[in-house]
Amino acid sequence: MMVKAYAQEHIYKHPWERVTSASWRKFADPENKRTLSHILEVDTLNRKLDPLSGKLYTTRALTIHAPGPWFVRKIIGQDICHCVESTVVDAQSKSMQLATRNVSLQKFIDVEEKIRYDPHPDNPTGWTICRQETSIRIKPLSALASMAEKVEQRCAERFMQNSVKGREVMERICKYLEAESSGMAL
């Protein structure tokens, strides 16, 4: 069984509070719809604040264009994929962790993405480090098994492209929030 996995890091030269605020706004801002065109819909299913720990737990449903090349969508007979994103925000330790996985197309493919935002160790009040891990696994007995390696590679390439777009959106929102907090308009 093949698994295509990759990890990447990005440093936002913005404080943790601003970056995590931007993360919540990433899908909501209409200006980002063009850049993040693979995201079709985002719905909050559950949000709970634990009064003892102070942690915020959120679950969202994401509807996206099915990953991978066009011929994969033809084989599986579906253009969209449903995913669930679980987020834990710990404001005390300044940690935000997101885990997203597909809940549809599971007989063909498993995709899991984990993102973590923490203050950067070299500049904890000014910068935020984002660590992202993604794994893509084609099911061995699925219609895609014979071309699993190629499909996993194409899916990984698409995820990398979308990650770049996501970082661009996050940077734009962070700059907007920075201008807003200093009383300037963009």
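This passage looks at the salt bridges in a predicted model. Side chains of opposite charge can pair when their charged atoms come close, and a search of the whole structure turns up 8 salt bridges.

A good place to start is Glu 9, which pairs with Arg 131; here the closest N and O atoms sit 3.2 Å apart. Glu 9 belongs to strand S1 (residues 4-12) and Arg 131 to strand S7 (residues 123-138), so this salt bridge ties together parts that are 122 residues apart in sequence. As for their surroundings, Glu 9 counts as exposed, at 55% relative accessibility, while Arg 131 counts as partly exposed, at 35%.

Arg 131 has another partner too: Arg 131 forms a salt bridge with Asp 118, with 3.8 Å between the closest N and O atoms. This pair again links distant parts of the chain, with Arg 131 in strand S7, Asp 118 in strand S6, and their positions 13 residues apart in sequence. Asp 118 counts as buried because its relative accessibility is 10%, and buried means under 20%. Zooming out a little, Glu 9, Asp 118 and Arg 131 join up with Arg 116 in a network of salt bridges.

Then there is the pair made by Glu 112 and Arg 101, whose side chains meet in a salt bridge at 3.4 Å, N to O. Glu 112 is in strand S6 (residues 109-120) and Arg 101 in strand S5 (residues 95-102), so to speak two distant parts of the chain, 11 residues apart, linked by the pair. Glu 112 is partly exposed, with a relative accessible area of 22%, and Arg 101 also counts as partly exposed, at 38% relative accessibility.

Note on methods:
Residues numbered from 1 in each chain as written. Predicted model: local features only at pLDDT ≥ 70, side-chain atom pairs only at ≥ 80, totals over all residues. Heavy atoms only, no water. Salt bridge = Lys/Arg side-chain N within 4 Å of Asp/Glu carboxyl O. Helix = DSSP H or I, 4+ residues; strand = E, 2+ residues; numbered from the N terminus. Buried < 20%, exposed > 50% of the residue type's maximum accessible area, 1.4 Å probe, protein only.
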